[in-house]
Amino acid sequence: MSICARSVVALVALATLTSAAKADDQAVINLAGLKIKNATNQSKSSAPDTVDAGPRYAYVIDGMVKGDSGLLAALYPSPTALATVLESFQPGASEALTGAVNNLAGTHPVVLLDQTFSGTTVIASVTVNFSARFTVGIDAGNAAYFSLTSVVIDPSFLVGSMSFTSGTATIRRVACAADINADGFVNALDYDMYASWFEIGSSLADFNGDGFVNGLDYDEFASRFEVGC
Ligand SMILES: [Ca+2]
Ligand SMILES: [Ca+2]
C-alpha cells in the first residue's frame, strides 16, 4: 500500500470514529414564550438541534410559568414551577413531566408523550375548568417538539392565560431498550423496576408500546435484557 493510500485509509477510519463520537444523543426544546391560552394551539421545536433515532428515550419537561391576565395573573404574578401549577389543577399530574418511552422500531417520527391534563378548581370563588393536551415527540427530520393543543380554560375571560417565562423539554436517547431507568447500564436495577411495573399491570410495562400490558411485553423485555441491551 502506498503512503497516499494509507493516509486515505487512516482518514476514513478517523472520519468513522469522529461520526461515531458525534452521535446526537439529546435534543433540547426551549419553552420560553409558549402560551397556555384558551383555544390556542402552540408548538415549539428543538430545530436545528436534533436527536438520533434509538430504541428508548428519556424526557424531562421543566419550566416556570406566570399568569399573563385575569385570575391567573393574580394567582401567579411571578414565575412558578409548571409542576406546582399542574398539581393545583390535577393532583399527581406533574409525574408525567418526567418519563421514558420505548421506540423498538428505532425510527422517527415517534410520539413519546401524548397526555391530556384536566381538572376543576376554585379560584377566588370562581369554578375553573382546565384541560390541555401535551404532546412530545420527534419528527421525521429528527427534531423534537413539544405541543400544547386542545387547551380549555373556562371561563377564559375571567381566568385569563399563562405563559412560560423559561423552561426546557429535554429528550435524551437511551442506547438500550432494556435500560429501564435510563442510567446507561443494563442490570438488576432495570430488571427489578420492570418486574414491579409488570406485576401491577402499570402502563409503564407496555414494553412494545402497543397499548396493552401482557406476556409479549415481558418476553420482549427479557430477551433484550438477556443480550444486555
Ligand atoms: Ca439501567
Ligand atoms: Ca404491550
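This report covers a strand hairpin, the nonpolar cores and one strand residue in a predicted model.

## The β7–β8 hairpin

Strands β7 and β8 span residues 110-123 and 126-138, and they are joined by 13 bridges in the antiparallel sense. The two strands make a hairpin with 2 residues between them. In the turn, A124 has a positive phi of about 50°. Across the pair, T120 lies opposite N129 of β8.

## Nonpolar cores

The largest nonpolar core holds 35 residues, and the members that touch the most others are Y59, V136, A144, A169 and I171. Two or more residues come from each of β1 (26-30), β4 (56-67), α3 (82-89), β7, β8, β9 (143-154) and β10 (162-174). A second core, separate from this one, has 9 residues, among them I180, Y194, F221 and F225.

Beyond its neighbours within four places in sequence, Y59 is in contact with G99, L112, L113, V136, A169, T170 and I171. Three of the residues named as touching the most other core members, V136, A169 and I171, are thus also contacts of Y59.

## R133 in strand β8

R133 belongs to strand β8. Is R133 buried or exposed? R133 is partly exposed, because 16 other C-beta atoms lie within 10 Å, whereas a buried residue needs 20 or more and an exposed one has 12 or fewer.

Leaving out residues up to four places away in sequence, R133 touches T116, T149 and S150. For one of these, T149, the C-alpha to C-alpha distance from R133 is 5.1 Å, at a separation of 16 residues in sequence.

How values were computed:
Residues numbered from 1 in each chain as written. Chains lettered and ligands numbered in written order. Predicted model: local features only at pLDDT ≥ 70, side-chain atom pairs only at ≥ 80, totals over all residues. Pairing = 2+ DSSP bridges. Helix = DSSP H or I, 4+ residues; strand = E, 2+ residues; numbered from the N terminus. Core = buried A, V, L, I, M, F, W, Y, C linked by C-beta atoms within 7 Å. Contact = placed C-beta atoms within 7 Å.
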